Amino acid sequence: MNWTTVIKPHESLFHIPWREIWDYRELVLRLVHRDFISRYKQTILGSAWYVLQPLFTSLMFVLVFSNIAKISTNKIPPILFYLAGSVCWGYFQGCVTNTAGTFLSNSSLFDKVYFPRLVVPISQLIVNLIGFVMQMFLFLALYLYFYLKGAPISMGWRIIVLPVLLFQMAALGLGVGCLVSAVTTRFRDLQVLLGFFMQLWMYASCVVYPLSIVPEQYRWFYALNPMVFIIEAFRFAFMGQGIVDLLQIIVSFFVSIIVVIAGIALFNKTERTCVDII
Amino acid sequence: MSDTVIRAENLSKKYRLGVINRRQLVDQIESWVARELGRPDPHASIFEHANDRMPTPYDFWALRDISLEIQRGDIVGVMGQNGSGKSTLLKILSRITAPTLGQAYLRGRLASLLEVGTGFNYDLTGKENVYLNGSILGLKKREIDDRYKRIVEFAEIPDFMNTPVKRYSSGMRVRLAFAVAAHLEPDILILDEVLAVGDAKFQEKCLNRIDEIKNSGVTVLFVSHSSQQVLQLCTKGIVLHDGKLVAAGTAKDATKEYLKLLHIDSCEDINSEFPESRLGLLVGKIAALIIQNIQGGQLVFNIPVETQDGVRIIDVGWVSNSRLKTLRTHPTWSAAPDLCVNIVSNKRPPQQVEKDDHFLLRSGAQETWIVYPNLAVHRHKNQHNTFVIPIKDIVI
């Protein structure tokens with residue numbers, strides 16, 4: 001007997017239905033379309049907000065951390081330094097917060113119709129990727145401007161690591177987001193905590209200062225945070241400034257892999273019974 | 001070889017009642033701290049202090065040991081009273097929730113319509129929503145392209161397809177959603193009382209559509225409270241009661257079991273071929289009987305009658321010098337044969353009853369008359385005053 005679907009009480013926690021997700025790729029694109037359009041619907045500036053948000057954030061960072069607190073950016077034009085950090089962090093944060101709402105904001109949909117639930121987080125990664133690409137254009141335009149003005153920045157073959165960094169951010173964002181989304185179905189406190197937690201994490205991730213000014217004795221702590229590696233590597237790739245060593249790379253990959261596996265396992269466990277709880 | 005498309009083996013689903021979970025992490029920690037310190041748990045329910053233990057929520061089995069096989073092309077009516085486990089069974093089969101025990105096997109693409117309009121985004125236009133809704137239900141873009149014209153025709157709102165759905169009337173939304181679902185063409189289609197919405201004409205159209213896909217080899221699971229609908233549309237029927245499967249067989253046998261469960265003894269009189277015309281006659285006779293019992297007046301029902309373009313509801317009115325003012329039946333024939341006659345008293349003016357949907361049994365303020373298929377009539381839910389009118393001499 002060749003059954004197309006077998007419904008069992010328990011499914012392996014680490015099972016990812018790749019084939020089924022591929023079959024639902026149309027849905028992924030529809031959800032991307034839906035979210036991209038409806039996010040800034042009925043706003044005056046529309047999708048310009050995708051670019052304006054990191055720009056305003058970076059300008060604020062320049063004012064506060066560069067001009068007032070006088071934190072060194074190692075001769076990189078401050079606006080470029082902070083923009084690099086905010087663009088990367090923005091992508092990661094977008095992935096986490098959007099994925100974290102998977103079960104709560106789609107409960108009415110999950111309650112009525114089946115599709116592989118991972119489709120929703122995956123579509124969120126893509127929506128945020130579109131925003132990231134738009135922000136990269138802004139970054140590259142400013143980059144070109146400062147490069148022509150003679151700022152000490154240079155990019156070379158190193159920028160080929162960008163896809164790897166992007167992939168790692170997406171995986172890490174998916175992992176953290178899945179963990180939070182699964183736990184929030186039981187404990188809604190986490191929804192409130194998430195914003196606060198992400199802000200703390202940002203300050204621990206070298207977004208507003210270079211790793212080089214962090215005292216040696218705290219470096220081990222920074223090595224555990226994969227986002228530090230990603231942002232430093234990004235700055236290193238584009239501007240030749242940043243601390244990247246082998247140990248950091250290994251630990252960062254290792255932590256990311258563990259987080260994404262744990263996230264998906266918990267997500268799988270939750271998706272099968274979430275409609276009974278919410 | 002028989003061609004089984006659905007097989008369920010001992011499917012069971014357990015829910016926990018009572019203390020389900022504590023949504024707030026803080027409460028959970030407080031309970032834990034209290035237990036560690038040997039103090040009473042501040043969040044325990046009143047039953048728990050006795051044994052100072054973790055709460056033991058009692059279990060509730062919504063489904064117990066359901067085993068069944070469904071063949072390709074069967075149109076299966078799923079019957080049962082509220083809370084009998086119909087929806088849980090369909091939710092498990094459409095993979096929305098996992099069973100606690102047991103397994104189920106499916107062959108082919110399954111589409112379920114547990115609620116009309118699932119996944120509409122109100123900011124997008126009707127056309128965009130057709131594509132979104134179609135892909136949520138598992139269709140490819142190319143497949144939706146092929147069906148788009150038929151979907152618009154079926155929904156009968158061609159002028160509004162480029163208008164955002166938030167500007168639609170609720171009726172238009174329902175039309176569009178059912179149109180998408182009706183053109184899914186899956187191998188297995190699961191419908192959970194979605195036909196209870198929409199006006200009578202559209203309902204009729206939906207039922208016709210189900211009749212159409214009947215012949216294309218699609219297997220349909222169809223929840224209905226109406227044994228008449230099941231008899232008319234379905235080839236097979238299953239009956240659930242308290243989470244257990246009590247009958248499975250041909251539509252006629254299953255309907256009999258279902259009516260027996262409702263203490264309606266015989267269903268020999270059900271004429272599956274002309275339910276509307278027969279019902280119209282029946283209602284007329286019964287109206288006369290009720291009037292006799294309440295001494296005088298004039299009875300009027302909303303009776304569905306067949307016209308050239310489908311079933312229409314005809315409104316009729318009633319005047320009386322007794323305390324009863326107005327009388328209404330179920331608005332559509334889908335309620336047959338458990339016909340409920342809703343009587344409006346001074347406490348419930350006609351305007352209020354007009355707003356009711358067709359579950360007229362809900363309110364305690366009304367009197368409900370049940371007309372049994374053996375042509376007995378009696379007043380329902382009034383133990384002291386129950387009386388049955390034998391209708392022996394009525395010939396239809």
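**Exercise 1. Work out how α2(A) and α7(A) pack in this predicted model: which angle do their axes make, and which residues make the contact?**

Step 1: start with the axes. In this predicted model, those of α2(A) and α7(A) come within 9 Å and cross at roughly 50°.

Step 2: put a word to that angle. Oblique applies to angles that are neither under 35 degrees, nor over 145, nor 65 to 115, so α2(A) and α7(A) are oblique to each other. The crossing of α2(A) over α7(A) is right-handed.

Step 3: list the residues. From α2(A) come A:L27, A:V28, A:L31, A:V32, A:D35 and A:F36, and they meet A:V119, A:V120, A:I122, A:S123, A:I126, A:V127 and A:I130 of α7(A).

Step 4: sort the residues by class. The contact of α2(A) with α7(A) has 11 nonpolar residues, one polar and one charged.

**Exercise 2. Now take α3(A) and α7(A): how do they cross, and which residues meet?**

Step 1: find the pieces. Helix α3 of chain A covers residues 49–68, and helix α7 of chain A covers residues 119–148. Their axes come within 9 Å and cross at roughly 60°.

Step 2: name the arrangement. With that angle, α3(A) and α7(A) are therefore oblique to each other. The crossing here is right-handed.

Step 3: look at who touches whom. A:Y50, A:V51, A:P54 and A:L55 sit on the α3(A) side, while α7(A) offers A:G131, A:M134, A:Q135 and A:L138. This contact splits into six nonpolar and two polar residues, with no charged ones.

**Exercise 3. Describe the side of chain A that touches chain B: which elements build it, and what classes of residue does it hold?**

Step 1: get the head count. On chain A, 28 residues are in contact with 37 residues of chain B.

Step 2: find the elements. Those giving two or more residues to this side of chain A are β1 (5–7), α2 (25–39) and α13 (274–277). The largest share, five residues, comes from α2(A).

Step 3: check the classes. This side of chain A has 12 nonpolar, four polar and 12 charged residues.

Step 4: see what β1(A) does. β1(A) pairs with strand β4 (residues 101–106) of chain B in the antiparallel sense, over three bridges. For A:T5, the bridge partner in β4(B) is B:L106.

**Exercise 4. Trace the six-stranded open sheet of chain B: what is the strand order, and which strands are at the edges?**

Step 1: set the scene. Chain B has 10 helices and 16 strands, and buried residues make up 38% of its 396 residues.

Step 2: write down the order. The open sheet runs β5-β6-β7-β3-β8-β9 in chain B, with mixed pairing. Its edge strands are β5 (110–113) and β9, each pairing on one side only. From one strand to the next, the twist averages 15°.

Step 3: pick out a parallel pair. Strand β3 (residues 75–79) and strand β7 (residues 219–223) of chain B run parallel, joined by four bridges. B:I75 stands opposite B:V220 in β7(B).

Step 4: add the helices. Helix α8 (residues 251–261) of chain B packs on the sheet, touching β3, β8 and β9, and its direction makes about 145° with that of β9(B). Helix α2 (residues 86–93) of chain B lies across β3, β5, β6 (188–192), β7 and β8, running at about 150° to β6(B).

Step 5: follow an antiparallel pair. Six bridges join strand β8 (residues 236–241) of chain B to strand β9 (residues 244–250), and these two run antiparallel. B:H241 has B:K244 as its bridge partner in β9(B). Two residues lie between the strands of this hairpin, where B:D242 takes a positive phi near 50°.

**Exercise 5. Place A:C206 and B:E156: in which loops do they lie, and what phi do they have?**

Step 1: read the backbone. A:C206 has a positive phi of about 60° although it is not a glycine. B:E156, also not a glycine, has a positive phi of about 60°.

Step 2: locate the loops. A:C206 sits between α9 (189–203) and α10 (219–224) of chain A. B:E156 sits in the loop between α4 (141–155) and α5 (170–182) of chain B.

Step 3: judge the surroundings. A:C206 counts as buried because it has 26 C-beta neighbours inside 10 Å. B:E156 has 14 such neighbours, so it counts as partly exposed.

Definitions and conventions: Residues numbered from 1 in each chain as written. Chains lettered and ligands numbered in written order. Predicted model: local features only at pLDDT ≥ 70, side-chain atom pairs only at ≥ 80, totals over all residues. Axes fitted to C-alpha atoms, helices over the stretch in contact; angles between N-to-C directions. Left-handed = near helix turned anticlockwise from the far one by under 90°. Contact = placed C-beta atoms within 7 Å. Nonpolar A, V, L, I, M, F, W, Y, C, P; charged D, E, K, R; others polar. Pairing = 2+ DSSP bridges. Buried ≥ 20, exposed ≤ 12 C-beta atoms within 10 Å, placed from the backbone.
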